[in-house]
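Biologist: I've never read a protein structure properly before. Could you walk me through one, feature by feature?

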Amino acid sequence: MPDASIPVAAATRIGHVHLKVADLERALGFYCGVLGFELMQRDGDQVAFISAGGYHHHIGLNTWESKGGSPPAPGTTGLFHTAILYPTRAALADALHRVRSAGIPLDGASDHGVSEALYLRDPDQNGVELYWDRPQAQWPRDAAGGLAMFTRRLDLDDLLRQREA
């Protein structure tokens, strides 16, 4: 049995997410057309790989087991959401502008102290979180120095003003 007291290497990252979708064209319309990801490679109506900044792929989209399918029923296991990390608050503000311009409703918007986040659904009803992290020096701490995250309403008008700055 491995020693669970030894943490994973600090530089470990989630490299990509691969989502089952019912309609590849519709999914590309959301992830590329609305959010602005770039199409890196595609194989017909079965699979596409998309990215930000030319990386081989941050998101894979496939219809191998899901073409024409419906979302999982509530109360079942599966992915809660995919979190897309934006580099700055202004970039998150641009994402909000894109989502609103496309008429996509938000499920929520929260300030967590360590980050600001927007919550929505893609066309296949997969949860999507769009967020940016505050610098670690600004993260809220308790009296003992431990992390003290919270959930408060995010002021969307204030966020959108950042886009114009």
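Biologist: Let me start with one residue: is Gln-125 buried, partly exposed or exposed?

Modeller: Keep in mind that this is a predicted model. Buried means under 20% relative accessible area and exposed means over 50%. Gln-125 has 43% relative accessibility, so it counts as partly exposed.

Biologist: Where is Gln-125 found?

Modeller: Look in the loop between β7 (115-121) and β8. Its backbone deserves a look too. As a general idea, most residues other than glycine have a negative phi. Gln-125 has a positive phi of about 70°, although it is not a glycine.

Biologist: Okay, let's zoom out. How many helices and strands does the chain have?

Modeller: Three helices and nine strands. If you walk along the sequence, you meet them in the pattern β-α-β-β-β-β-α-β-β-β-β-α. The C-alpha atoms fill a box of roughly 55 × 55 × 35 Å along the principal axes.

Biologist: What share of the contacts in the chain comes from residues far apart in sequence, 24 or more positions?

Modeller: Take the contacts with a separation of 6 or more: residues 24 or more positions apart account for 55% of them.

Biologist: Now the inside. What percentage of the residues count as buried?

Modeller: Of the 165 residues in the chain, 38% do. The general idea is that in soluble globular proteins, nonpolar side chains tend to be buried together. Here, the largest nonpolar core has 34 residues. Those with the most contacts inside this core are Tyr-31, Leu-35, Ile-59, Leu-61, Leu-118 and Leu-130. Helix α1 (residues 24-34) gives the largest share of the core, seven residues.

Biologist: Can we pick one of those? What is Leu-61 in contact with, leaving aside its neighbours within four places in sequence?

Modeller: Quite a list! Among them are Leu-24, Ala-27, Leu-28 and Tyr-31, along with His-18, Leu-19 and Val-21. Leu-61 also contacts residues including Gln-46, Val-47, Ala-48 and Ile-50.

Biologist: Tyr-31 came up again. Which residue forms an aromatic pair with Tyr-31?

Modeller: Phe-30 does, and the pair is edge-to-face. To read that, check the angle: planes over 60 degrees apart count as edge-to-face. In this pair the angle between the planes is 85°, and the rings are 4.8 Å apart, centre to centre. The count for the chain comes to one aromatic pair.

Biologist: Are those two rings' residues buried or exposed?

Modeller: Phe-30 has a relative accessible area of 4%, so Phe-30 is buried. Tyr-31 counts as buried because its relative accessibility is 1%.

Biologist: Last topic: pockets. How much space lies in the largest pocket?

Modeller: First the idea: rolling a probe the size of a water molecule over the atoms shows where empty space is left. The largest pocket holds about 780 Å³. It has 24 lining residues, and the closest to its centre are His-58, Ala-83, Ile-84, Leu-85 and Tyr-86. Strand β5 supplies the largest share of that lining, five residues. By class, the lining has 14 nonpolar, six polar and four charged residues.

Biologist: And which residues lie nearest the centre of the second largest pocket?

Modeller: Pro-71, Pro-72, Leu-79, Asp-124 and Asn-126, out of 27 that line this pocket. About 570 Å³ of space lies in it. Strand β1 (residues 17-20) gives the most to its lining, with four residues. That lining divides into eleven nonpolar, eleven polar and five charged residues.

Terms used
Residues are numbered from 1 along each chain as its sequence is written. This is a predicted model: local features need pLDDT of at least 70, side-chain atom pairs count only at pLDDT 80 or more; totals for chains, interfaces and linings use all residues. Side-chain values use heavy atoms; hydrogens and water are left out. On a 1 Å grid over the protein atoms alone, a cavity is a set of points where a 1.4 Å probe fits but cannot get out, and a pocket is an open set with protein on both sides within 12 Å along at least five of seven lines; lining residues have an atom within 4 Å of a point. Grid points are joined across faces, edges and corners, and a volume is the space filled by probe spheres set on the points. Helices (H or I, at least four residues) and strands (E, at least two) are DSSP runs, numbered from the N terminus. Ala, Val, Leu, Ile, Met, Phe, Trp, Tyr, Cys and Pro count as nonpolar, Asp, Glu, Lys and Arg as charged, and the others, Gly among them, as polar. Buried means under 20% relative accessible area, exposed over 50%, partly exposed in between (1.4 Å probe, protein chains only). A nonpolar core is a set of buried Ala, Val, Leu, Ile, Met, Phe, Trp, Tyr and Cys residues joined through side-chain atoms within 4.5 Å. Contact means heavy atoms within 4.5 Å. Rings of Phe, Tyr and Trp (its six-membered ring) pair if their centres lie within 6.5 Å; planes under 30 degrees apart count as stacked, over 60 as edge-to-face and the rest as tilted.
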